[in-house]
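Could you walk me through this structure, from the contact between its chains to the details of single residues? I would like an explanation in plain paragraphs that I can follow with the model open.

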Amino acid sequence: MLVLARRVNDSIVIGDNVEIVIVEIKGDQVKLGVKAPKEVKVFRGEIHAEIQKENRAASESHLPPDLDNFIRKK
Amino acid sequence: MQFETRALGKIEIEASKQIFFPEGLFAFEAFRHFALLPTKSGSTFHWLQSLEEARLAFLMTLIPEITTKYNPNINAQHLTIIEAQEPKQVEIWGIITVPAGKPEHMTINLQGPVLINRAKKLGSQFVSDDPNHLVRTPLLDLVDHTSGGAPAAGQG
């Protein structure tokens with residue numbers, strides 16, 4: 001893994017059209033700005049992993065008997 | 001055309017019920033062709049059934065059918081994937097996880113809803129940036145109990 005030291009307002013560039021700017025550093029938190037074309041998806045890493053994990057769990061689900069009675073439709 | 005399904009056996013699935021996911025679903029990116037099938041006639045609950053792998057299916061519901069309080073901020077990028085111009089053209093579905101043997105603890109994924117553009121038969125899993133939209137939201141807590149019942153009595 002490439003590790004770079006940066007200061008506030010510095011940036012790193014990835015490829016031809018993605019730039020990550022260090023916006024603010026406060027204690028153990030860093031605020032990053034991401035400049036990328038709209039077709040590039042940007043997520044917090046842990047959210048991506050959580051949704052993957054939940055999709056796997058959901059794919060194991062079986063239909064509860066009388067599910068519709070659980071939920072009163074409006 | 002006939003397809004093998006996980007929950008409904010081998011059934012005829014017309015082209016109108018088939019949905020293409022250009023990017024697949026998270027953790028299942030290889031599977032792109034799905035069908036949206038009611039679990040039974042008239043039910044709000046549907047199977048998102050893979051047409052490439054019979055064992056792969058997700059239980060889903062249209063989120064607006066169970067709550068009016070969910071409005072994710074759907075960005076233009078995501079609309080582009082499913083060839084929609086505005087959020088109004090898009091159905092918002094939630095994937096349900098049912099823990100084995102404990103259906104009362106089932107949850108719905110509000111952080112990663114599935115967006116479907118019916119007109120184009122395209123779908124995509126979206127990531128909501130609202131911190132209140134949880135991956136595991138208890139489904140029974142979410143339901144608006146507004147159907148014909150008396151208003152909640154005894155506030156506070």
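**A walk through the two chains**

Let's begin in chain B, where B:Lys121 sits in the loop between β9 (114–117) and β10. This is a predicted model, so please read every value here as computed from it. B:Lys121 is not a glycine, yet its phi is positive, at about 55°. Most residues other than glycine have a negative phi, so a value of this kind is worth a look. With a relative accessibility of 31%, B:Lys121 counts as partly exposed.

The loop between β9 and β10 also holds B:Lys120, whose partner B:Glu83 belongs to the loop between α2 and β7 of chain B. The side chains of B:Lys120 and B:Glu83 form a salt bridge, with 3.9 Å from N to O. The cut-off for a salt bridge is 4 Å, so this pair is counted. The two residues are 37 apart in sequence, and their bridge links distant parts of the chain. Both ends are partly exposed: B:Lys120 has 45% relative accessibility, and B:Glu83 has a relative accessible area of 42%.

Now turn to the place where the chains meet. The size of an interface is often given as the accessible area lost when the parts come together. For chain B and chain A this comes to about 3300 Å², with 61% of it on carbon and sulfur atoms. Chain B brings 48 residues to the contact, and chain A brings 28 residues. Eight residue pairs are in polar contact across the interface, both residues of each pair having pLDDT 80 or more. On the chain B side, at least two residues each come from β5 (45–50), β6 (57–62), α1 (63–66), α2 (76–81), β7 (91–97) and α3 (139–142). The largest share of that side is supplied by α2(B), with four residues.

Which residues form the salt bridges between the chains? The rule finds two salt bridges across this interface. In one of them, A:Glu54 meets B:Arg136 at 2.6 Å, N to O. B:Arg136 also bridges to A:Glu50, here at 3.5 Å from N to O. This second pair runs from helix α1 (residues 45–58) of chain A, which holds A:Glu50, to the loop between β10 and β11 of chain B, which holds B:Arg136. A:Glu50, A:Glu54 and B:Arg136 are thus linked in a network of salt bridges. A:Glu50 is partly exposed, at 27% relative accessible area, and B:Arg136 is partly exposed as well, at 38%.

Two buried residues of chain B help to fill in the picture. B:Thr107 lies in strand β8 (residues 107–108) of chain B. Its relative accessibility is 11%, and because buried means under 20%, B:Thr107 counts as buried. Leaving aside neighbours within four places in sequence, B:Thr107 has contacts that include A:Glu54 and B:Arg136, along with B:Ile95, B:Thr137 and B:Leu139. A:Glu54 and B:Arg136 are themselves joined by a salt bridge.

B:Val127 is found in the loop between β10 (122–125) and β11 (137–138) of chain B. At 14% relative accessibility, B:Val127 is buried too. Not counting residues up to four places away in sequence, B:Val127 touches A:Phe43, A:Ile47 and A:Ile51 of chain A, together with B:Phe26 and B:Gln111 of chain B. From B:Val127 to B:Trp93 the distance is 12 Å, C-alpha to C-alpha, with their positions 34 residues apart in sequence.

Let's finish in chain A. A:Asn9 is in the segment before β1 (11–14), and its phi is near 75°, a positive value in a residue other than glycine. A:Asn9 counts as exposed, at 61% relative accessibility. A:Val8 is part of a nonpolar surface patch of about 340 Å², made together with A:Ile25, A:Val30 and A:Leu32. A:Ile25 is in strand β2 (residues 18–26) of chain A and is partly exposed, with a relative accessible area of 44%.

Strand β2 of chain A also contains A:Glu19, while A:Lys35 lies in strand β3 (residues 29–35), 16 residues away in sequence. The side chains of A:Lys35 and A:Glu19 meet in a salt bridge of 3.6 Å, N to O. A:Glu19 is partly exposed, at 24% relative accessibility. Over all chains, the rule counts nine salt bridges.

Conventions
Residues are numbered from 1 along each chain as its sequence is written. Chains are lettered from A and ligands numbered from 1 in the order in which they are written. This is a predicted model: local features need pLDDT of at least 70, side-chain atom pairs count only at pLDDT 80 or more; totals for chains, interfaces and linings use all residues. Side-chain values use heavy atoms; hydrogens and water are left out. Patches are made of residues with over 30% relative accessible area and no salt bridge: like charges are joined within 9 Å, nonpolar side chains (Val, Leu, Ile, Met, Phe, Trp, Tyr) within 5 Å. Accessible areas come from the Shrake-Rupley method with a 1.4 Å probe; for residues, only the protein chains shown count as cover. Buried means under 20% relative accessible area, exposed over 50%, partly exposed in between (1.4 Å probe, protein chains only). Contact means heavy atoms within 4.5 Å. Buried area is the accessible area (1.4 Å probe) that two parts lose on being put together, summed over both. A polar contact is a pair of N or O atoms within 3.5 Å; within protein, one must be able to donate a hydrogen and the other to accept it, and residues adjacent in sequence count only if both atoms are side-chain atoms.
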